Amino acid sequence: MTHVRRWLGLATAAVLLVSSAGCGDSGDDEASTSASSSATVKSYEKSVAGVVEASEAFLTTLDDDQKAEVQLELTEENAVAWSNLPCGSTCRPGIAFSDLDASQLAAAKSVLKTALGAETDSGYARVEQLLLADDYLADAQSSSSSSSGGPGSSGGPGSSGGPGFSGGPGFSGGPGGGMSGGPGSSGGPGGDSSGGGYGSGLYYLAFLGAPSVTGTWQLNFGGHHLAIHMTYKSGKVIGASPFFVGVEPTSWTDAGTTHAPLADMKKALLAMTGSLSAAELKKAKLSQTFTDVLVGPQKDGQFPETKQGLAVSSLTDAQKKLVLAAIEPWVAGADDATATSLLATYEEELDKTYIGWSGTTALEAHADYVRIDGPSVWVEFVCQDGVVIQNQIHYHTVYRDHTRDYGGEFSFS
């Protein structure tokens, strides 16, 4: 993404700021480093304060009943209640976009733009593309249903050939969930029941804990093929995962514009695996077959006990840069400062990171799969047969952090 395309320089600079202290640099260099570090911290704190300000502004647009849907307690039950399925409010907390009027919707989107970045190719730009994809699915489902009954929306194949994820637990603190993919309200974005649970109106925004620059809280946003968790503590971002993102179809054209929301993710992974020799590819190949992400919804903390595949430590410096570049599109879903900090951490841990693949590395057929697993970072990308558009594949991906999921606020065994 544009706002962190200079990931290598930024991450390296962040590492240098830490490592240069006490190394005998001149006073001028120390002053320059200190000033640069101070400016970065101030910018970082300002961005978090902006998220809080936008969140509070959104809350002022809501009535008491709506606030009760949005403002929930920061509990494990609420935090882990997310899914990749088109299951509406039955599997995730918050208020639906379809239940907001125009001014409320604008305020809600302002929260996301502030938290994720509003620039071209920012985190919010990807969200916009995924909302368009779900409207496309709603139209396709409606057309198919009206002509021939159409396929169901059961979520597609599961991680080992079984049924799709079941949506997981409910959430506490708010009103009970309604019918899966309930009807859209008049005047709101798409997502009525004729779309089979798909549509941009069926995305939900919640604050777990009160937005604050002093307390601990989480921005929770998601719907079909999207789950965002940004966790804040004492005015800092302490977690930008889990981040689930998928898309069906993988690309489409609307009014002369072609959309391919996850093309950059696929391209980065192809560059990484494409740099491997035949011997390296053999070492990286995993013995299992994957038809969905392994550590998806309701799989918190269930990482493999032993790292599998090819050790990044065995790769050349150029190949290592491609591994870090392959991580970047997922991390870039957060704000600039958070993305830079996380990438610096993942760069430091590259020699303890492993990459693996299954199926084929082309990422063009059902069960094609690529994984990056480090001491902290976890990225998966898998191809599945289409659910609504059944003559095509679609993508599921997830970004997690072994220690920073949900800001590290919960322990999963």
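Gln298 sits in the loop that runs between helix H8 (278–284) and strand S10 (310–311); helices (H or I, at least four residues) and strands (E, at least two) are DSSP runs, numbered from the N terminus. Although Gln298 is not a glycine, its phi is positive, at about 65°. With a relative accessible area of 24%, Gln298 is partly exposed; buried means under 20% relative accessible area, exposed over 50%, and partly exposed in between (1.4 Å probe, protein chains only). The model is predicted, so to speak of local features pLDDT of at least 70 is needed, side-chain atom pairs count only at pLDDT 80 or more, and totals for chains, interfaces and linings use all residues. Residues are numbered from 1 along each chain as its sequence is written, and side-chain values use heavy atoms, with hydrogens and water left out.

A second positive phi is found at Leu363, about 55°, and this residue is not a glycine either. Leu363 belongs to the loop between strand S11 (354–358) and strand S12 (369–373). Its relative accessible area is 0%, and Leu363 is therefore buried.

Over the whole chain, the secondary structure comes to 10 helices and 14 strands. Of its 413 residues, 51% count as buried. Contact here means heavy atoms within 4.5 Å. Among contacts between residues at least 6 apart in sequence, 68% join residues at least 24 apart.

Two helix pairs that share H9 come next. Helix H7 (residues 263–274) and H9 pack at an angle of about 165°, and their axes lie 8 Å apart; axes are lines fitted to C-alpha atoms, for helices over the stretch in contact, and angles run from 0 to 180 degrees between N-to-C directions. H7 is therefore roughly antiparallel to H9; angles under 35 degrees count as roughly parallel, over 145 as roughly antiparallel, 65 to 115 as roughly perpendicular and the rest as oblique. The crossing of H7 and H9 is left-handed, a term used if the near helix is turned anticlockwise from the far one by less than a right angle, with right-handed used if clockwise. On the H7 side, Asp264, Met265, Ala268, Leu269, Ala271 and Met272 meet Leu322, Val323, Ala325, Ala326, Pro329 and Trp330 of H9. By class, this contact has 11 nonpolar, no polar and one charged residues; Ala, Val, Leu, Ile, Met, Phe, Trp, Tyr, Cys and Pro count as nonpolar, Asp, Glu, Lys and Arg as charged, and the others, Gly among them, as polar.

Helix H9 (residues 317–331) also packs with helix H10 (residues 336–348), at an angle of about 150° and with axes 10 Å apart. H9 and H10 are therefore roughly antiparallel to each other, and their crossing is right-handed. Here Leu324, Ile327, Glu328 and Val331 in H9 meet Ala339, Leu342, Leu343, Tyr346 and Glu347 in H10. The classes in this contact are seven nonpolar, no polar and two charged residues.

Attention can now turn to single residues, beginning with His224 in the loop between strand S4 (216–223) and strand S5 (226–233). At 6% relative accessibility, His224 counts as buried. Its side chain joins that of Asp134 in a polar contact of 2.7 Å; a polar contact is a pair of N or O atoms within 3.5 Å, where within protein one must be able to donate a hydrogen and the other to accept it, and residues adjacent in sequence count only if both atoms are side-chain atoms. The side chain of His224 also makes a polar contact of 3.4 Å with the side chain of His225. Not counting residues up to four places away in sequence, His224 touches several others, including Asn84, Arg92, Tyr198 and Tyr203.

Strand S9 (residues 257–259) holds Thr258 and also His259. Thr258 is exposed, at 57% relative accessible area, whereas His259 counts as buried at 9%. The side chain of Thr258 makes a polar contact with that of Thr253 (3.1 Å), and the side chains of His259 and Gln129 are joined by a polar contact of 2.8 Å. Leaving aside neighbours within four places in sequence, Thr258 is in contact with Trp252 and Thr253. For His259, residues touched beyond four places in sequence include Leu132, Trp252 and Asp254.

Finally, two cis peptide bonds deserve a mention. One runs from Ser241 to Pro242, with omega near 5°, and Pro242 is in the loop between strand S6 (236–239) and strand S7 (243–247). Another joins Glu248 and Pro249, with omega about -5°; Pro249 is in the loop between S7 and strand S8 (252–254).
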